[in-house]
Amino acid sequence: MAGSVNKVILVGNLGADPVVRHTQDGKPIVSFGLATSETWRDKGSGERKEKTEWHNVVIFNDNLAKVAEQYLKKGSTVYIEGSLQTRKYTNKDGVEVRTTEVVLQNFRGELTMLGGRPGASDGASSGGDDFGASSPMERPRTSSPKQSFARDLDDEVPF
């Protein structure tokens, strides 16, 4: 094998508000639990079943940490890309513990908020930004499709 890949992609919901800590030099480290669920219908009974997995996520990337600290709350839906890292430490009872985390490093990792601002209903946004607003494809059109298409054709094409 020429190389290896350590990449994790998850879409899930935060189980609690993110926890923000800072290193001695002031850099933020954000951690949270992320739940991913799968559902299926039991063939025998026909009842709906669900299985939830919990993932520990740690963000070392300064910019992503700021976004997570400012915008993420319990229940937020996020898309993340990171890598798996296992570390061991001694807990307060003196027991050595191993834990595996999804880590978003400084130059590797991605965090995308999905589903808009938590707690905002009917698309209402508090503040001057458009965070949580619908995408351009979902917004109602101000002109008829025929007018929009004709306007697009009027653009100058360089050939």
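Lys51 is partly exposed in this predicted model, with a relative accessible area of 42%. Its salt-bridge partner is Glu53, and the closest N and O atoms of the two residues are 3.5 Å apart. Glu53 likewise counts as partly exposed, at 38% relative accessibility. Both values fall into the intermediate class because that class lies between the limits of 20% and 50%. In total, four salt bridges are counted. Side chains of opposite charge can pair when their charged atoms come close.

A second salt bridge is formed by the side chains of Glu101 and Arg87, with an N to O distance of 2.9 Å. This pair links distant parts of the chain, since Glu101 belongs to strand 6 and Arg87 to strand 5, with their positions 14 residues apart in sequence. The two partners fall into separate accessibility classes: Glu101 counts as buried at 10% relative accessibility, whereas Arg87 counts as partly exposed at 42%. The assignment of Glu101 follows because buried means under 20% relative accessible area. Glu96 and Lys88 form a further salt bridge, in which the closest N and O atoms are 3.9 Å apart. Here Glu96 counts as exposed at 55% relative accessibility, and Lys88 is also exposed, with a relative accessible area of 52%.

Glu101 also stands opposite Gln85 in space. The C-alpha atoms of Gln85 and Glu101 are 5.4 Å apart, although the residues are 16 positions apart in sequence. Gln85 lies in strand 5, which spans residues 77-90, and is partly exposed, with a relative accessible area of 31%. When residues up to four places away in sequence are not counted, Gln85 touches Thr99, Thr100, Glu101, Val103 and Gln105.

The largest pocket encloses about 180 Å³ of space. Its lining comprises 13 residues, of which Arg21, Ser31, Phe32, Val58 and Glu101 are the closest to the pocket centre. Two or more lining residues come from each of strand 2 (19-22), strand 3 (28-41), strand 4 (48-59) and strand 6 (96-104). Strand 3 gives the most, with five residues. By residue class, the lining divides into six nonpolar, four polar and three charged residues.

Phe32 recurs in the largest nonpolar core, which has 17 residues; Phe32, Leu34, Val57, Ile59, Ile80, Leu104 and Leu111 have the most contacts inside this core. At least two core residues are supplied by each of strand 1 (8-14), strand 3, strand 4, helix 1 (62-71), strand 5 and strand 6. The surroundings of Ile59 can be given in detail: Ile59 touches Pro28, Ile29, Val30, Phe32, Leu64, Ala65, Ala68, Leu104 and Leu111, not counting residues up to four places away in sequence.

At the level of the whole chain, the secondary structure consists of two helices and seven strands. Read along the sequence, these elements follow the pattern β-β-β-β-α-β-β-β-α. Of the 159 residues in the chain, 23% are buried. Among contacts with a separation of 6 or more, 54% join residues 24 or more positions apart.

Key:
Residues numbered from 1 in each chain as written. Predicted model: local features only at pLDDT ≥ 70, side-chain atom pairs only at ≥ 80, totals over all residues. Heavy atoms only, no water. 1 Å grid on protein atoms, 1.4 Å probe; cavity = no way out; pocket = protein on both sides within 12 Å on 5 of 7 lines; lining within 4 Å. Points joined across faces, edges and corners; volume = space filled by probe spheres on them. Helix = DSSP H or I, 4+ residues; strand = E, 2+ residues; numbered from the N terminus. Nonpolar A, V, L, I, M, F, W, Y, C, P; charged D, E, K, R; others polar. Buried < 20%, exposed > 50% of the residue type's maximum accessible area, 1.4 Å probe, protein only. Contact = heavy atoms within 4.5 Å. Core = buried A, V, L, I, M, F, W, Y, C linked by side-chain atoms within 4.5 Å.
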